[in-house]
Amino acid sequence: QESTRAGERGTAASFNTFAVSAQLLDEREAAEFAFGSALEISAESSHGVDSSGEAEVGEMTMHAIAALWNNMGNLYRQRGKDHFSDALSAYEKSIRVGGNHAAVLNNIALVYIAKEEFEQAEQTLTQALEVDPLFECAKSNILKLKAYVESHQTESNLQQESTGASIAITTTDAAVTE
């Protein structure tokens, strides 16, 4: 029985590898199918736990399922704004299964940035750095975000001055939220 589970984990890893490859080749439907298959296999090899991690399983399996949900979230995020809620849902499942992980939090922040929810993005990047203070990706993204917000705010203020308007619009006020 243990060798069967090891084989299933290997098969799930193979599906994950295929999914990432398909994603890189912009074969999104194939990637989504492969991620889903990997999640299904992982769930089946986890003593009947569902792929959202609702029951206790081995730590290694939980990390694998969390990584799959993170990868699925990346796929949805890359599909664009119509899929941002699916991406956030997948990232939340990753966190629920595997705990806070700096890379997952960074990916959540990328969705918030794309949605122009800059305050939420900064909070999430800060949380990622609390989890892993050395996570270079989050460090870089928070610096870029702050620079973007500052330049965007300066640009908005300059536009307001040139049109004679008396109320300055801040980046937060101009954010598009859903």
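Leu143 is exposed, at a relative accessible area of 60%. The cut-offs behind that word: buried is under 20% relative accessible area, exposed is over 50%, and partly exposed is in between, using a 1.4 Å probe and protein chains only. Leu143 sits in helix H7, and its C-alpha is 10.0 Å from that of Leu125, 18 residues away in sequence.

Some ground rules before going on. This is a predicted model, where local features need pLDDT of at least 70 and side-chain atom pairs count only at pLDDT 80 or more, while totals for chains, interfaces and linings use all residues. Residues are numbered from 1 along each chain as its sequence is written, and side-chain values use heavy atoms, with hydrogens and water left out.

**The overall fold**

The chain has 8 helices and 0 strands, so read from the N terminus the elements go α-α-α-α-α-α-α-α. Helices here are DSSP runs of H or I with at least four residues, strands are E runs of at least two, and numbering starts at the N terminus. Of the chain's 178 residues, 39% count as buried. Take the contacts (heavy atoms within 4.5 Å) with a separation of 6 or more: residues 24 or more positions apart account for 50% of them.

**The core**

In soluble globular proteins, nonpolar side chains tend to be buried together. Here the largest nonpolar core has 39 residues, and Trp69, Met72 and Ile108 have the most contacts inside it. At least two residues of this core come from each of H1 (2-24), H2 (28-44), H3 (59-79), H4 (84-98), H5 (102-114), H6 (118-131) and H7 (136-163). H3 supplies the largest share, 8 residues. A nonpolar core, for the record, is a set of buried Ala, Val, Leu, Ile, Met, Phe, Trp, Tyr and Cys residues joined through side-chain atoms within 4.5 Å.

**H5 and its two partners**

Two packed helices are described by the angle between their axes and the distance between the axes. The axes are lines fitted to C-alpha atoms, for helices over the stretch in contact, and the angles run from 0 to 180 degrees between N-to-C directions.

Start with H4 and H5: their axes come within 10 Å and cross at roughly 160°. H4 and H5 are therefore roughly antiparallel, a label for angles over 145 degrees (under 35 is roughly parallel, 65 to 115 roughly perpendicular and the rest oblique). On the H4 side the contact includes Phe84, Leu88 and Tyr91, and on the H5 side Val104, Ile108 and Val111 are among the residues met. By class, this contact has 11 nonpolar, 2 polar and 1 charged residues. The classes work like this: Ala, Val, Leu, Ile, Met, Phe, Trp, Tyr, Cys and Pro are nonpolar, Asp, Glu, Lys and Arg are charged, and the others, Gly among them, are polar.

H5 also packs against H6, at an angle of about 170° with the axes 8 Å apart. That pair is therefore roughly antiparallel too. Residues of H5 in this contact include Leu105, Ile108 and Tyr112, which meet a set in H6 including Phe118, Ala121 and Leu125. The class count for H5 with H6 is 11 nonpolar, 4 polar and no charged residues.

**Pairs brought together in space**

Glu130, in helix H6, counts as exposed at 61% relative accessibility. Gln120 is in H6 as well and is partly exposed at 32%. Over in H7 there is Tyr148, partly exposed with a relative accessible area of 40%. Their partners, along with the Leu143 pair, are tabulated here.

| Pair | Separation in sequence | C-alpha distance |
|---|---|---|
| Leu143 and Leu125 | 18 residues | 10.0 Å |
| Tyr148 and Phe118 | 30 residues | 9.6 Å |
| Glu130 and Ala102 | 28 residues | 8.3 Å |
| Gln120 and Ala109 | 11 residues | 7.3 Å |

**Two loop residues with positive phi**

Most residues other than glycine have a negative phi, and most peptide bonds are trans. Asp26 is not a glycine, yet has a positive phi of about 65°; its place is the loop between H1 and H2. Glu116 also has a positive phi, near 60°, and lies in the loop between H5 and H6. With 30% relative accessibility, Glu116 counts as partly exposed.
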